[in-house]
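These are my comments on the model, set out as numbered points. They cover the sheets, the cores, the annotated spans and a few single residues.

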Amino acid sequence: MALAIALVLIVVLAVGFHVASPWWITPIASNWGRMDDTLTITIVITGVLFVAINLFVVAALLRYRHKDGHRASYEPHNRRLEWWLIGVTTVGVAALLAPGLFVYADYVRPPPNALQMEVLGQQWQWRFRFAGPGGKLGTTDVRYMTNDNPFGMNPADPNGRDNYLIDTPELHLPINRPIQVLARSRDVLHDFYVPPFRARMNMVPGMVTTFWFTPTKAGRYDILCAQLCGIGHANMRGVVVVEDEAAFARWLAQQTTFEQRQKAKAQAASASAGGPSQALAEQGRTLAQAKGCVACHSVDGSPGVGPTWKGLYGKTETMADGSTAHVDEAYLRAFIRDPKARVVKGFAPIMPSFDLSEQELSALVAYIQAQGGAPAATTAKP
């Protein structure tokens, strides 16, 4: 009897919570009415089954509970009941799957006027690409992927020269305009997910997956990775800003193109590797984004998976074994080359090793030094 009462309470509380829940789906940035209808169908069917099964168990507990002088009858088969179960289950599964097939077909088939946007996932950061004034995205290939060319853009394709490349985790989109997302991953499985849009897609290495949606309300919304992609998964976040068409056009015009970036990298490469020049530090900033360093090391002092780079250069770090180390160029070079040789106190030894050239190593050190801190030459060593 106690179990029957408990099951009835579970059913009542579950249904009551669903009806009174404050977490209803909010159409603040999506045009997916059919998707909402599909979710509603799923909730109704599974909810009815949930209630029916639990009430059936309650009825069985009450009707067939133990009574003195009565014995249970042995009935190994009940063909009528089996056919009913098969029929009801078949109808229920079909009702769950069929609407989703039609909705998904529309989900991956964008309208003709959709704005194409490419999103590239990498541990643990987001990158974005838009077509330039020419209106076409340039071709890409993994053969061209380097630290200086994370998108793998084909340098010989003229359509890609004016493409806008965004390395920051802030994305802007125009309101009330269909957006086709071309999703790629550079390393492991990721998932581009903006919860208010109720639209997401796995990003599979070696593939280009696609879907589309229409933002319908201006605002700032979080970008999340919905696939566990490593130790920095929780930090793989971004922001999408939905704004009017004019504001979006102004923001896009401020971004650098592939051609401009190639020229800037060539200029930075010619800078002296011996000092933290502005050009070398800028190259280090780009490299830190390309390697995913910024996913674990902040530059504004906020805590992260690894030590912040703000004020790091010139300070004295305490190691896990109790020793201390002065953060100068030699320390940074040795730490980047072999991050597990010495572990900073309070942080896990999870930083991977990177195969960097001397030029790249100098650029990273210059960028870290540019984040502030006491000059190495004037800080006393322990």
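1. A local detail comes first: Tyr164 has Thr257 as its bridge partner in S11. The model is a predicted one. The strand that pairs with S11 is S3 (residues 164–166); the two run antiparallel and are joined over two bridges.

2. That pair belongs to an open sheet of six strands, in the order S8-S5-S1-S2-S3-S11, and the pairing is mixed. Strand S8 (209–213) and strand S11 (256–257) each have a single partner strand, so each has one side without a neighbour in the sheet.

3. A further open sheet has five strands, ordered S4-S10-S9-S6-S7, again with mixed pairing. Its edges are strand S4 (170–174) and strand S7 (199–203), each of which pairs on one side only. On average, neighbouring strands in this sheet are turned by 20 degrees against each other, direction ignored.

4. Within the five-strand sheet, strand S6 (residues 190–194) and strand S9 (residues 219–225) run antiparallel and are joined by two bridges. Tyr193 has its bridge partner in S9, namely Leu224.

5. What lies across S4 and strand S10? Helix H4 (residues 245–253) does, and the helix runs at about 140 degrees to S4.

6. The largest nonpolar core has 39 residues, and the members that touch the most other members are Phe130, Leu171 and Phe192. Leaving aside residues up to four places away in sequence, Phe192 touches Val119, Trp126, Phe128, Leu171, Val181, Ala199, Arg200, Met201, Met203, Phe211, Ile223 and Leu224. Another core, of 21 residues, lies apart from the largest one; Ile336, Met351, Leu361 and Tyr367 are among its members.

7. Turning to the annotation, an unreviewed UniProt entry places the feature "transmembrane region" at residues 38–62 and 83–105. In the model, residues 38–62 are 100% helix and 0% strand, with 36 Å between the end C-alpha atoms. Residues 83–105 are likewise 100% helix and 0% strand, and here the end C-alpha atoms lie 33 Å apart.

8. Asn54 is located in helix H2 (residues 33–63). Is Asn54 buried or exposed? Its relative accessible area is 14%, so Asn54 counts as buried, the cut-off being under 20%. Beyond residues up to four places away in sequence, Asn54 touches Leu7 and Val11.

9. Arg333 sits in helix H7 (residues 329–337). With a relative accessible area of 18%, Arg333 is also classed as buried. Which residues does Arg333 touch, not counting those up to four places away in sequence? They are Glu358, Leu361, Ser362 and Val365. Of these contacts, Leu361 is also listed in the core of 21 residues.

10. Arg285 is part of helix H6 (residues 278–291). Its relative accessibility is 27%, so Arg285 is partly exposed, a class that lies between the limits of 20% and 50%. The C-alpha atoms of Arg285 and Ala370 are separated by 9.8 Å, while the two residues are 85 residues apart along the chain.

Notes:
Residues numbered from 1 in each chain as written. Predicted model: local features only at pLDDT ≥ 70, side-chain atom pairs only at ≥ 80, totals over all residues. Heavy atoms only, no water. Core = buried A, V, L, I, M, F, W, Y, C linked by side-chain atoms within 4.5 Å. Buried < 20%, exposed > 50% of the residue type's maximum accessible area, 1.4 Å probe, protein only. Contact = heavy atoms within 4.5 Å. UniProt positions renumbered as here; feature names shortened; annotations may be inferred. Helix = DSSP H or I, 4+ residues; strand = E, 2+ residues; numbered from the N terminus. Pairing = 2+ DSSP bridges. Axes fitted to C-alpha atoms, helices over the stretch in contact; angles between N-to-C directions.
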